[in-house]
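Subject: Structure handover

Hello,

Here is the structure you asked about. My notes on it follow below.

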Amino acid sequence: MDNPKRAQPIGVFDSGMGGISVLKELYKIMPGEHYIYFGDSKNAPYGTKPLEEIRRLTIRNVEFLLEQGAKGIVVACNTATAAAVRILRTLHPDIPLVGIEPAIKPAALQPGHPTILVMATPMTIQGKKYKNLMANYEAQAEIIGLPCPGLVEFVESGNTDGDDLRAFLENLLAPYAGTIDSIVLGCTHYPFVRRLIQEIAGEHVQIFDGGFGTAREMRRRLEEAGLLSENTKDGIVTFENSLAKEEEIELSKTLFQKKTHTFRINY
């Protein structure tokens with residue numbers, strides 16, 4: 001007998017709008033799936049909050065998605081993943097649940113002992129998960145963590161290419177001009193400002209993010225659990241936001257349709 005859960009949506013959660021960059025990757029490789037995206041913009045950004053508050057918010061918001069019938073959960077937020085994904089897997093052992101982490105591995109495995117700049121929220125940079133990940137590849141690359149407080153707020157306000165954003169990024173990246181080979185976007189908000197980051201850093205700098213790898217892992221887990229949709233038509237994407245304002249939903253839709261480039265690599 002066919003599993004009725006196949007038709008249920010995949011739940012995607014982020015502290016705000018950033019996880020839409022991961023949602024786009026999920027939709028590319030699983031277009032027949034239905035999705036429910038929940039952005040906690042009311043409490044964004046998570047990356048400057050205390051650890052226990054991040055855990056509490058993440059657990060509560062994942063519970064909301066499960067109550068909406070989600071058959072699997074993608075925690076599309078580096079900060080929330082680092083703070084709570086292990087606890088979530090304990091609370092929900094039967095649910096396919098995937099988090100995201102900075103794409104340090106593919107960046108570090110580039111030839112020539114590259115110098116890598118990891119742009120992330122302060123909480124991600126300070127977290128044990130990030131430090132362990134960095135330690136795994138410090139023999140292959142020089143890895144520099146760059147906390148970026150304030151960058152999330154630009155995306156949350158819908159500003160992905162303004163002059164003030166350019167000035168912010170130029171100031172942030174100026175100390176590393178000409179000294180880095182790669183940039184890892186360690187927050188799911190950052191792919192929406194990727195074009196500006198690339199322009200400022202230069203075309204010789206490769207940019208990596210973890211969205212595609214996360215989407216591929218979600219597909220693998222759903223397939224393993226026998227939960228992949230058999231739908232042959234385009235799936236339905238539903239947006240929810242803790243601010244419960246029409247402007248937030250419209251911005252979510254705009255970002256979902258916005259073209260972003262994701263570097264493709266098998267890892």
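In which loop is Ala 244 found? Ala 244 sits in the loop between β9 (237–241) and α11 (246–257). Please keep in mind throughout that this is a predicted model. I come back to Ala 244 further down, after the overall picture.

Overall picture

The protein contains 11 helices and 9 strands. Its radius of gyration is 18 Å, close to the 18 Å that the globule rule gives for 267 residues, so the protein is as compact as a globular protein of that length. The C-alpha trace spans about 60 × 40 × 40 Å along the principal axes. Of the 267 residues, 55% count as buried. If we take contacts between residues at least 6 apart in sequence, 79% of them join residues at least 24 apart.

As for the surface, the accessible area comes to about 12,000 Å², and carbon and sulfur atoms account for 50% of it. There are 29 positive and 33 negative side chains, and the centres of these two sets lie 4 Å apart.

The cores

In soluble globular proteins, nonpolar side chains tend to be buried together. Here the largest nonpolar core has 50 residues. The residues with the most contacts inside this core are Val 12, Leu 26, Met 119, Leu 151, Ile 183 and Ile 197. Helix α1 (residues 20–29) gives the most to the core, with 5 residues. A second, separate core has 20 residues, including Phe 13, Phe 38, Ala 70 and Val 75.

Val 12 is a useful residue to click on when looking at the packing. Leaving out residues up to four places away in sequence, Val 12 touches Gly 19, Leu 23, Leu 26, Tyr 35, Ile 36, Tyr 37, Phe 38, Leu 65, Val 74 and Ala 76.

Helix α9

Which residues of helix α9 (residues 194–201) are buried? They are Arg 194, Leu 196, Ile 197, Gln 198 and Ala 201. The elements that cover the buried residues of α9 include β5, α8 (163–173), β7 (182–185) and β8 (206–209). Ile 197 also appears among the residues with the most contacts inside the largest nonpolar core. Gly 202 follows α9 and has a positive phi, near 105°.

Backbone points to check by eye

Three places in the loops are listed here.

- Pro 45: the peptide bond from Ala 44 to Pro 45 is cis, with omega near 0°. Pro 45 is in the loop between β2 (35–39) and α2 (51–67).
- His 113: phi is positive, about 45°, although His 113 is not a glycine. This residue is found in the loop between α4 (104–108) and β5 (115–120). With a relative accessible area of 42%, His 113 is partly exposed, because the partly exposed class runs between 20% and 50%.
- Ala 244: phi is near 55°, again a positive value in a residue other than glycine. At 72% relative accessibility, Ala 244 counts as exposed, because the cut-off for exposed is over 50%.

Some charged residues

Lys 28 lies in helix α1 and counts as partly exposed, at 45% relative accessibility. Its C-alpha atom and that of Ala 215 are separated by 8.9 Å, although the two residues are 187 apart along the chain.

Glu 153 has its place in helix α7 (residues 151–156). It is partly exposed, with a relative accessible area of 37%. Glu 153 and Glu 250 are 97 residues apart along the chain, and their C-alpha atoms are separated by 17 Å.

Where does Lys 258 lie? Lys 258 is in the segment after α11, and is partly exposed with a relative accessible area of 27%. Not counting residues up to four places away in sequence, Lys 258 touches Lys 24, Thr 160 and Phe 192. The C-alpha atoms of Lys 258 and Asp 14 are separated by 18 Å, with their positions 244 residues apart along the chain.

Regards

How values were computed:
Residues are numbered from 1 along each chain as its sequence is written. This is a predicted model: local features need pLDDT of at least 70, side-chain atom pairs count only at pLDDT 80 or more; totals for chains, interfaces and linings use all residues. Side-chain values use heavy atoms; hydrogens and water are left out. Helices (H or I, at least four residues) and strands (E, at least two) are DSSP runs, numbered from the N terminus. The radius of gyration is taken over C-alpha atoms; the globule rule is 2.2 Å times the number of residues to the power 0.38. Buried means under 20% relative accessible area, exposed over 50%, partly exposed in between (1.4 Å probe, protein chains only). Contact means heavy atoms within 4.5 Å. Accessible areas come from the Shrake-Rupley method with a 1.4 Å probe; for residues, only the protein chains shown count as cover. Lys and Arg count as positive and Asp and Glu as negative; His and the chain ends are not counted. The place of a charge is taken as NZ of Lys, CZ of Arg, CG of Asp or CD of Glu. A nonpolar core is a set of buried Ala, Val, Leu, Ile, Met, Phe, Trp, Tyr and Cys residues joined through side-chain atoms within 4.5 Å.
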